[in-house]
Amino acid sequence: MPKDNPRHPKFPIPGGPELRAKGWRQEAILRLLENVLSVGEDPDNLIVYAALGKAARSWPAHAAIVKTLLEMDENQTLLIQSGKPVGLMKTHAKAPLVIMANCNIVGQWAKAEYFYELQRKGLICWGGLTAGAWQYIGSQGVIQGTYEIFMRIAEKRFGGDLAGRFVLTAGLGGMGGAQPLAGRMAGAAILCIDVDADRAIKRKAIGYLQEIAPDLDAALEMIDAAVREKRALSVGLVGNAADIYPEIVRRGITPDIVTDQTSAHDLVYGYVPRGMSLDEVKRLREDGQGQLMAASRASIVEHVKAMLTFQDRGAEVFDNGNLIRTQAREGGVDNAFDIPIFTQAYLRPLFARAIGPFRWMATSGEESDIARIDDLLLDMFPDNRIITNWIRLARDNIPFEGLPARIAWLGHLERTALALRVNELVASGELKGPIAFSRDHLDAGAMSHPNIMTEGMKDGSDAIADWPLLDAMMLCSSMADLVVVHSGGGGYAGYMTSAGVTVIADGTQAARERLDHALTNDTAIGVIRYADAGYEESLEEIESKDVPYIRLHR
Ligand code: NAD
């Protein structure tokens with residue numbers, strides 16, 4: 001039985017033992033589509049997160065996808081082009097059930113303005129990273145990444161601990177909403193600015209944010225008290241970051257850590273310029289896109305200048321993957337890239353071992369399935385400090401949104417080992433239903449994004465998009481259930497290409513084979529991608545885990 005969804009009553013949370021499709025693979029994928037809308041930011045408009053990241057191109061396209069998933073057989077493959085179903089092909093039972101290509105625009109044309117024009121004509125939609133591929137799990141999807149960044153900074157700068165440290169950030173949207181909880185889990189006092197009061201209220205209602213301050217004075221007092229008492233605290237403040245950051249600079253206050261996760265990548269549908277109301281912005285999105293882009297960029301310039309001042313004053317400042325430095329540099333802030341990107345600054349040694357944001361969803365809708373897998377992880381990886389620490393924290397702190405799900409940064413062969421064991425638990429009935437395994441697109445072999453994921457690669461291969469394309473083709477050959485190639489839309493047009501994958505553990509022998517091949521080859525490509533770029537960690541991984549890399553000198 002689906003569950004009520006108080007946040008979006010028209011979009012119930014799927015679950016239960018009833019099969020509506022012709023098999024559990026199709027049913028599970030349909031539930032993932034239902035889930036991304038149930039936890040999405042604006043499901044009435046099919047928007048899941050990141051300003052414009054959509055689950056399907058239009059409501060008729062959505063209806064046709066649902067109908068096809070309900071009716072299709074296992075020996076067919078549904079083709080989706082930018083959120084619209086375009087074919088149901090005769091394949092075979094080991095082929096993927098769904099193959100997608102979303103928002104891939106030929107190089108010279110891949111610009112925000114051209115994307116908006118195609119979108120207006122109904123020819124394209126942006127799938128975000130995980131929205132259009134139905135892999136989004138709410139704010140939890142980035143929370144461990146954000147937490148690991150904070151912990152790397154704690155180790156680098158603050159003796160391993162963020163107690164008594166002030167973190168300043170902005171953006172309480174679909175992904176940015178993870179920041180207050182990640183900051184609190186890391187022990188910090190974290191202040192999160194968002195221009196939209198509803199976003200702050202929503203994060204508080206679902207347990208990701210503790211307090212909402214009435215104004216900046218009150219917010220700073222709350223943070224100051226928490227810092228003095230070394231007490232973890234998350235505080236939201238409604239305001240424009242392009243006003244608030246410079247005001248904090250003006251007051252001579254320097255946080256310990258500063259970042260930002262507004263939708264700065266999109267100057268029209270994401271970022272809100274200072275001095276404009278949300279209604280005014282909505283109107284300009286329809287009839288003043290040029291004006292809005294200029295105003296957003298001018299605000300981002302001030303926003304980033306304040307971040308650079310914090311950096312000059314000694315704060316640890318980083319770009320959290322929203323293209324804010326790129327926008328500022330185009331607005332004339334020549335030194336915007338003095339701010340490092342989080343991947344290169346903190347997480348690359350993990351990605352070089354293909355350790356990244358793996359996740360699973362209980363299609364039964366039962367939280368007990370996730371609890372059982374949490375126990376299993378602790379049993380299987382007792383010596384993996386990142387995992388044991390994370391699972392203990394996550395089970396105590398992270399509220400479920402939509403289908404119960406868990407994220408955990410596992411690497412090569414670890415993901416496969418877990419999934420195979422879980423498949424056995426589904427077969428034995430110890431778990432109440434199939435488990436869907438997936439990962440973020442921001443994963444070792446899966447993404448080329450020269451201003452985020454692959455910035456500053458050792459060998460200069462930042463912008464080569466062969467890797468995600470190879471990954472996707474390999475995943476199709478490896479029998480994954482859903483495979484997708486995404487490129488950037490809106491302000492990300494021309495900036496990235498990524499591959500996504502989902503594999504359903506339904507307890508069958510066929511699922512065992514799919515999980516084994518797809519998950520192993522996916523991370524193997526990740527290790528190979530970094531080994532080929534010359535990362536020592538990857539070469540060690542190749543050696544110790546017998547990864548089939550063909551090593552040639554250039
Ligand atoms: P979202 O569109 O759901 O939320 C963006 C939030 O920013 C909204 O709540 C909006 O009100 C707020 N905002 C916009 N302009 C503002 C301003 N000037 N001042 C204060 N608040 C403002 O987007 P999201 O899903 O939360 O993603 C945010 C950004 O992070 C995107 O650019 C996205 O691509 C990026 N992202 C990065 C990662 C990563 O791995 N680091 C992962 C996912 C998303």
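**Exercise 1.** Find the residue in S9 that Cys192 stands opposite.

*Solution.* Start with the strands in this predicted model. Strand S7 covers residues 189–194, and strand S9 covers residues 233–238. The two run in the parallel sense and pair over six bridges. Look across from Cys192 and you land on Gly236 in S9.

**Exercise 2.** Work out which strands stand at the edges of the sheet, and why one side of each is left without a neighbour.

*Solution.* First, write down the strand order: S8-S9-S7-S6-S10-S11, an open sheet of six strands with parallel pairing. Next, check the edges: S8 (211–213) and S11 (316–317) each have a single partner strand, so one side of each has no neighbour in the sheet.

**Exercise 3.** Describe how helix H8 sits against the sheet and list its buried residues.

*Solution.* Take H8, residues 241–250, and see what lies under it: the helix goes across S6 (166–170), S7, S9 and S10 (257–258), at about 155° to S6. Now pick out its buried residues: Ala241, Ala242, Ile244, Tyr245, Ile248 and Val249. The spacing makes sense, because residues three or four places apart in an α-helix point the same way. Their cover includes S6, S7, S9 and S10, plus helices H7 (216–228) and H10 (289–312).

**Exercise 4.** Inspect both ends of H8.

*Solution.* At the start, a side-chain oxygen of Asn240 comes within 2.9 Å of the backbone nitrogen of Ala242. Just after the helix, Gly252 has a positive phi of about 80°.

**Exercise 5.** Which residues have the most contacts inside the largest nonpolar core?

*Solution.* That core has 194 residues, and the ones to name are Trp134, Leu191 and Trp360. Follow Trp360 further along the chain: its contacts include Ile370, Leu377, Pro404 and Phe437.

Definitions and conventions. Residues numbered from 1 in each chain as written. Predicted model: local features only at pLDDT ≥ 70, side-chain atom pairs only at ≥ 80, totals over all residues. Heavy atoms only, no water. Pairing = 2+ DSSP bridges. Helix = DSSP H or I, 4+ residues; strand = E, 2+ residues; numbered from the N terminus. Contact = heavy atoms within 4.5 Å. Axes fitted to C-alpha atoms, helices over the stretch in contact; angles between N-to-C directions. Core = buried A, V, L, I, M, F, W, Y, C linked by side-chain atoms within 4.5 Å. Buried < 20%, exposed > 50% of the residue type's maximum accessible area, 1.4 Å probe, protein only. Polar contact = N/O pair within 3.5 Å; in protein donor to acceptor, adjacent residues only side chain to side chain.
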